[in-house]
Amino acid sequence: MPHTSAEPLDLLLFPTWLVPVEPAGVVLKNHALGIRDGRIVLIAPREHAGQHVANETRDLSGMLLAPGLVNAHGHAAMTLFRGLADDLPLMTWLHEHVWPAESRWVDEAFIKAGTELAIAEQLQSGITCFSDMYFFPEVVSQLVHKHGVRAQITIPVLDFPIPGARNADEALRKGVGLFDDLKHHPRLSIAFGPHAPYSVSDDKLESIRTLVAEMDIGIHMHVHETAHEVEEALNHYGERPLARLARLQLLGPRFQAVHMTQVNDDDIALLVEHNCSVIHCPESNLKLASGFCPVERLWEAGVNVGIGTDGAASNNDLDLLGETRTAALLAKAVSGSAAALNAHRALRMATLNGARALGLDDHTGSLEIGKFADLVAFDLSRLAQQPVYDPVSQLIYSSGRDCVRHVWVAGKQLLDDRHLTRMDEEQLIATAQEWGEKISSKH
């Protein structure tokens with residue numbers, strides 16, 4: 001609803017540049033943004049905005065105000081495994097290091113410490129919304145609620161026992177219960193997270209299909225992560241993993257296919273036909289030598305592509321701005337076109353496309369009247385970013401996450417001049433170091 005002068009704004013921001021992301025490619029210079037009750041109620045030229053009364057105003061000179069970044073795939077608590085098993089192939093990494101470490105260490109205390117570390121790192125990186133695919137989702141949901149961020153929490157489902165669930169049926173039951181508890185939460189949404197086609201059987205996938213149809217929620221799944229995965233599926237099922245998921249009727253607008261490094265024309269046709277989203281995790285894919293997601297081909301075909309960091313155990317950071325720069329550069333090399341995934345489209349991938357993939361694009365991902373005020377102010381005033389011709393190009397190609405100055409989620413400031421407002425950074429570091437010492441002594 002448009003602002004009326006009789007009602008004061010809660011907060012009025014005056015950045016040098018305002019990038020709404022929708023409409024695409026727009027940079028508004030010397031505009032202001034006004035917030036009331038956690039939502040954006042005003043975007044106007046500076047001279048008009050000055051006529052409005054506000055309880056608080058902030059001068060953001062030299063800064064670019066953009067939608068908060070959306071980290072569309074990760075495993076938050078795996079921050080505590082950061083650097084534990086580097087420079088290994090995916091299956092060796094999983095079977096010989098990560099899964100054994102998880103079975104030994106992951107409990108509710110581990111999830112709490114690792115997730116809080118991840119939330120803090122993401123806020124300092126300009127991320128206001130993240131998708132988490134990890135164990136004890138009920139613990140993660142409490143932390144998301146406590147610390148004021150936005151998240152899609154996916155219920156992990158595998159054919160074997162996992163921390164917090166003795167089997168897939170128990171995981172599904174707990175997921176339904178968590179959904180019922182949180183379905184009216186303004187910052188939390190629930191999805192099912194079957195791990196991958198090779199780790200979840202047909203009958204469990206059919207159970208998930210039934211539940212998501214009843215609950216109208218998303219499915220978040222690693223798909224076509226490696227060539228080996230596709231070859232094994234062809235040997236075992238006689239069809240590619242995505243084709244199997246289509247046969248089982250799992251594909252649809254709420255399906256989030258993570259990785260998709262092995263893509264042929266038939267795969268693209270299925271993604272388009274079912275209006276699925278793809279979540280691109282370039283740095284994890286590069287580090288594990290998994291392959292290259294053909295982002296430009298997907299984009300040209302009309303597939304919605306978001307971006308994720310993956311977990312800190314295979315990246316090794318939760319830096320979505322850095323991830324987006326890698327994605328833009330990689331897209332050019334993979335497609336053979338320097339014009340592929342330009343800076344504005346890359347920023348859209350890290351914001352609105354991610355929100356759309358998670359089913360949250362009505363709430364976040366762009367700066368539009370009526371949406372939640374999920375915002376990040378990037379400082380472009382420093383030496384290494386001068387001169388500024390196109391601030392979005394400067395953000396994607398010349399800036400690191402250390403340029404993140406302020407972050408708001410639903411109008412609440414969670415990062416103020418790089419300082420966390422609700423979290424104790426020194427305590428988070430000390431706790432992480434304690435876990436690191438404990439894990440390294442037994443690894």
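## A pair in the sheet

His-220 has Gln-256 as its bridge partner in strand E11. Five bridges join strand E10 (residues 218-223) to E11 (residues 255-259), and the two strands run parallel. Helices (H or I, at least four residues) and strands (E, at least two) are DSSP runs numbered from the N terminus. Two strands pair if DSSP finds at least two bridges between them.

This is a predicted model, in which local features need pLDDT of at least 70 and side-chain atom pairs count only at pLDDT 80 or more, while totals for chains, interfaces and linings use all residues. Residues are numbered from 1 along each chain as its sequence is written, and side-chain values use heavy atoms, with hydrogens and water left out.

## The eight-stranded sheet

E10 and E11 belong to an open sheet of eight strands, ordered E6-E7-E8-E9-E10-E11-E12-E13, with parallel pairing. Its edge strands are E6 (69-71) and E13 (304-307), each paired on one side only. Neighbouring strands are turned by 25° against each other on average, direction ignored. Axes are lines fitted to C-alpha atoms, for helices over the stretch in contact, and angles run from 0 to 180 degrees between N-to-C directions.

At the E13 edge, strand E12 (residues 277-280) pairs with E13 in the parallel sense over four bridges. Val-278 stands opposite Val-305 in E13. In a regular strand the side chains alternate between the two faces of the sheet. Both faces of E13 are covered: Asn-304 and Gly-306 are buried on one side, Val-305 and Ile-307 on the other. Buried means under 20% relative accessible area, exposed over 50%, and partly exposed in between (1.4 Å probe, protein chains only).

## Helix H4

Helix H4 (residues 137-147) lies across strands E7 (127-133), E8 (150-157) and E9 (188-194), running at about 175° to E8. Its buried residues are Pro-137, Val-139, Val-140, Ser-141, Leu-143, Val-144 and His-147. They pack against H3, E7, E8, H5, E9 and strand E16 (412-416). Contact here means heavy atoms within 4.5 Å. Gly-148 follows H4 and has a positive phi, near 85°.

## Aromatic pairs

How many aromatic pairs does a search of the whole structure find? It finds four. Rings of Phe, Tyr and Trp (its six-membered ring) pair if their centres lie within 6.5 Å; planes under 30 degrees apart count as stacked, over 60 as edge-to-face and the rest as tilted. Trp-99 and Phe-160 have ring centres 5.5 Å apart and planes at 65°, so this pair is edge-to-face. The pair links distant parts of the chain, 61 residues apart: Trp-99 is in helix H2 (residues 90-105), Phe-160 in the loop between E8 and helix H5 (168-182). Phe-160 is partly exposed, at 33% relative accessible area.

Phe-110 and Trp-435 are also edge-to-face, 5.3 Å centre to centre with 90° between the planes. Phe-110 is in helix H3 (residues 108-124) and Trp-435 in helix H16 (residues 425-442), 325 residues apart. Both are buried: Phe-110 has a relative accessibility of 0%, and Trp-435 a relative accessible area of 8%. Phe-81 joins Phe-110 and Trp-435 in one aromatic cluster.

## Two arginines, one ring

The charged end of Arg-39 sits over the ring of Phe-372, 3.9 Å from its centre. The charged end of Arg-150 sits over the ring of Phe-372 too, 4.5 Å from its centre. The criterion is NZ of Lys or CZ of Arg within 6 Å of the ring centre and within 35 degrees of the ring normal.
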